[in-house]
Amino acid sequence: MNTDYRKPLPGTELDYFDVRAAVEDIQPGAYDTLPYTSRVLAEQLVRRCESELLTDALKQLIERRRDLDFPWYPARVVCHDILGQTALVDLAGLRDAIAEQGGDPAKVNPVVPTQLIVDHSLAVEHAGFDPDAFDKNRAIEDRRNEDRFHFIEWTKTAFENVDVIPAGNGIMHQINLEKMSPVVQVRPDENGKQVAYPDTCVGTDSHTPHIDCLGVIAIGVGGLEAETVMLGRPSMMRLPDIVGVELTGKPKPGITATDIVLAITEFLRKERVVGAYLEFFGEGAKSLTIGDRATISNMTPEYGASAAMFYIDEQTLDYLTLTGREPEQVELVETYAKQTGLWADSLAEAQYERVLTFDLTSVERNLAGPSNPHRRLPTSALVERGIAVPSYKDSDKAQVEEKEGKIPDGAVIIAAITSCTNTSNPRNVVGAALLAKKANELGLIRKPWVKSSFAPGSKVARLYLEEAGLLSELEKLGFGIVAYACTTCNGMSGALDPEIQQEIIDRDLYATAVLSGNRNFDGRIHPYAKQAFLASPALVVAYAIAGTVRFDIEKDVLGTDHNGNPVTLKDLWPSDEEIDAIVGEFVKPEQFKQVYIPMFDLGAFEPAESPLYDWRPQSTYIRRPPYWEGNMAAVRALKGMRPLAILPDNITTDHLSPSNAIMMDSAAGEYLHKMGLPEEDFNSYATHRGDHLTALRATLANPKLFNEMVRDESGEVKQGSLARIEPEGQVTRMWEAIETYMERGQPLIVIAGADYGQGSSRDWAAKGVALAGVEAIVAEGFERIHRTNLIGMGVMPLQFEEGTTRHTLQLDGTETYDVEGAASPGATLELVIHRKTGEVDRVPVTCRLDTAEEVTVYSAGGVLQRFAKDFLESSVEAVS
């Protein structure tokens, strides 16, 4: 820790670092113009940088330069059990690799405090209309994940600085918001003196910015980057684009935070804020509760940004008090924020290079979909967009379906109140419960083909709903609590009723899902839900009653009351006053304390007997990783590469490595069957990512994939997990192509369009292609986290220059490719295209190794290879 600019924090016995003084010594008056993000980044530079380096580091922030790297040291790492577990599997494998080379494996430990929350493992096998759903689902989760949970239990005894919150307790981001983040950290220096500084964190999930709403810089990273931070290395970065977003006006009555965030997501995607750090301010932002702000910050990856910050203000303090933080901590947050210029009033003169304005009064009731979360769908435009059919219930088709007892066209087969996006906001949850209460009073019911569920991200939701007498109202409509976990939002929606599933198959029905989550990519929610729509929790309940998306939810009649009177959505929708009254009376600090005090009383435990994990050879969940052998140990020459796939725009990590249920006819399903797993316990792709033999078979396995190398006789691109093996021209399933190329030792390349790698932060979207032998990805643009993950796996990201695309180059997959030139940040390299005709084209491409640190990681072969090399070298130096 540096000592320059260290001072006592007024009114406390703590020290802090006077960032204002450090900045003002370089350029008087500059601090007041810095955005919030720059002030927090400056503080950690003042606290961590050597004195002789500090001035140059701070100048980058003051002068807003983006041509130099500087270190960022997050205070914490938060993980869920999928990417967090795979990160710890990697570290366990690293221990093995170091032990085999004569090093001490016990020295491989997270240096930065790491919190792992098990929230991604539970599938909704029993729906919300089963009163025992929670216990049954948890029992299935424990049975299916015994190998995984055994490893996770080992990690907390084998590694230092790892805390584990076991399954059944809530969603990582919501627990981070309600409990784990102190907003201002207090930790001792090397002499035991307590120092206060801003809380910051990275998390192995793209929705980690959820707590940006508290003024905490928290960004989503892949497991590989999280491993780097865990092991004490800084996350090297350049000053990001910091965009101000002024929120004006106030939402109209009846408008939810979900409606707001879906409108903002559409707006910001159009404004191209990819990779930016956003700072929301203005009278509109000031009026939003932390619950509403959290909903907006949560969907940061959906609008393409890296962070979505709100300033610290009275709303922040009120929320910390509401969620049971100790009064001393709340007082510290206020004192520290006001002293260091992080309080909202202190940012009046902050200057942004770009300011966007969004009017909250313009927001109407919204869905999003199909297929993309930024495809806003106003409920007033359902008919116009071709989703709903005017007076559908009165149509001949609907009458026949009802008479014959058939599931209707557009059937909502899944209606899920799910995800921290909405369940961390009490107003959204209470609004849904009040709508359910009115529906019950009027005699409306859920349609029988709708699999309904309620999976809040925190146990606190149960307590305030029970005290308000509203949980029973949700249960009556089939929305009983099935889990405290991600569930349907993460594609863990579980099996359908076999009869319903068979009817969908036999009639090739257009079936859908409606959920209060944050993603609705095709194929993500359930294999038999052809499309999915995002909605507020209250609209989810309404659609469970309607039963089909062909229903015009604003105008059509949902049913009749006990007197035969028609009931429409406006008859059920609760007023803001009703919602606020319930929230004000029944959401209490004592509930948060009741849940979180015992949850975080982790107690003492015996350390593991060995620093090396005893790998289970038959496990399909946990296997020693292969990152120091085979393809991963070979030199990547970037010569003679054949295309594995040529892909369109907007390829998501769900395309690259799906997360949902494993089907028997998939490559992974066939492998699991061969390994002796019963089909009902195949679980999801996500849960098997600790075993590379299963996870590799998920690479590009999404049935909604379009590989432009595979076309039908008319020239149309065929949908499916398909590839064309060259030079034979044989069309196969993707896995067979990967297997063939691996056997041949054939280096591969992927060509793609714009916005490559959208969606989740999953590192297996990069690990899969790397293990398959892909040495480079050439795309029109990359999403931030996936680009970083590719580098962490030793895969070169290259970007076409503006105006150059796979179409302008007329690529068809028969080519082979070389890359020539020396890799350096932003360098122009040459993509050499050898065509089947013998012609050779040379195309300039940009090297997307954006920092010197990334060049070093790539040159080492990846994050883990680089760390093993550095660790062994430092061990030798210590001995000598």
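Here's a quick briefing on two helix pairs and one pocket in this structure. Keep in mind that the model is predicted. One helix pair is α1 with α3, another is α16 with α22, and the largest pocket comes in at about 1200 Å³.

**α1 and α3**
- Helix α1 covers residues 19–26 and helix α3 covers residues 51–62; they pack at an angle of about 85°, and their axes sit 10 Å apart.
- That angle makes α1 roughly perpendicular to α3.
- On the α1 side, look for Ala22, Val23 and Ile26, which meet Thr55, Leu58, Lys59 and Ile62 of α3.
- Sort the residues of this α1–α3 contact by class and you get five nonpolar, one polar and one charged.

**α16 and α22**
- Helix α16 (residues 426–441) packs against helix α22 (residues 576–586) at about 115°, with 9 Å between their axes.
- These two are therefore roughly perpendicular to each other, and the crossing of α16 and α22 is right-handed.
- From α16, the contact uses Pro426, Arg427, Val430, Gly431, Leu434 and Lys438, while α22 brings Asp576, Glu578, Ile579, Asp580, Ile582 and Val583.
- The contact of α16 with α22 has six nonpolar, one polar and five charged residues.

**The largest pocket**
- The largest pocket has a volume of about 1200 Å³.
- It's lined by 47 residues, and the closest to its centre are Gly275, Arg784, Arg787, Arg848 and Asp850.
- Elements giving two or more residues to the lining are α8, β11, β12, α29 and α30.
- Helix α29 gives the most, with six residues.
- By class, the lining splits into 21 nonpolar, ten polar and 16 charged residues.

Notes: Residues are numbered from 1 along each chain as its sequence is written. This is a predicted model: local features need pLDDT of at least 70, side-chain atom pairs count only at pLDDT 80 or more; totals for chains, interfaces and linings use all residues. Side-chain values use heavy atoms; hydrogens and water are left out. Axes are lines fitted to C-alpha atoms, for helices over the stretch in contact, and angles run from 0 to 180 degrees between N-to-C directions. Helices (H or I, at least four residues) and strands (E, at least two) are DSSP runs, numbered from the N terminus. Angles under 35 degrees count as roughly parallel, over 145 as roughly antiparallel, 65 to 115 as roughly perpendicular and the rest as oblique. Contact means heavy atoms within 4.5 Å. Ala, Val, Leu, Ile, Met, Phe, Trp, Tyr, Cys and Pro count as nonpolar, Asp, Glu, Lys and Arg as charged, and the others, Gly among them, as polar. A crossing is left-handed if the near helix is turned anticlockwise from the far one by less than a right angle, and right-handed if clockwise. On a 1 Å grid over the protein atoms alone, a cavity is a set of points where a 1.4 Å probe fits but cannot get out, and a pocket is an open set with protein on both sides within 12 Å along at least five of seven lines; lining residues have an atom within 4 Å of a point. Grid points are joined across faces, edges and corners, and a volume is the space filled by probe spheres set on the points.
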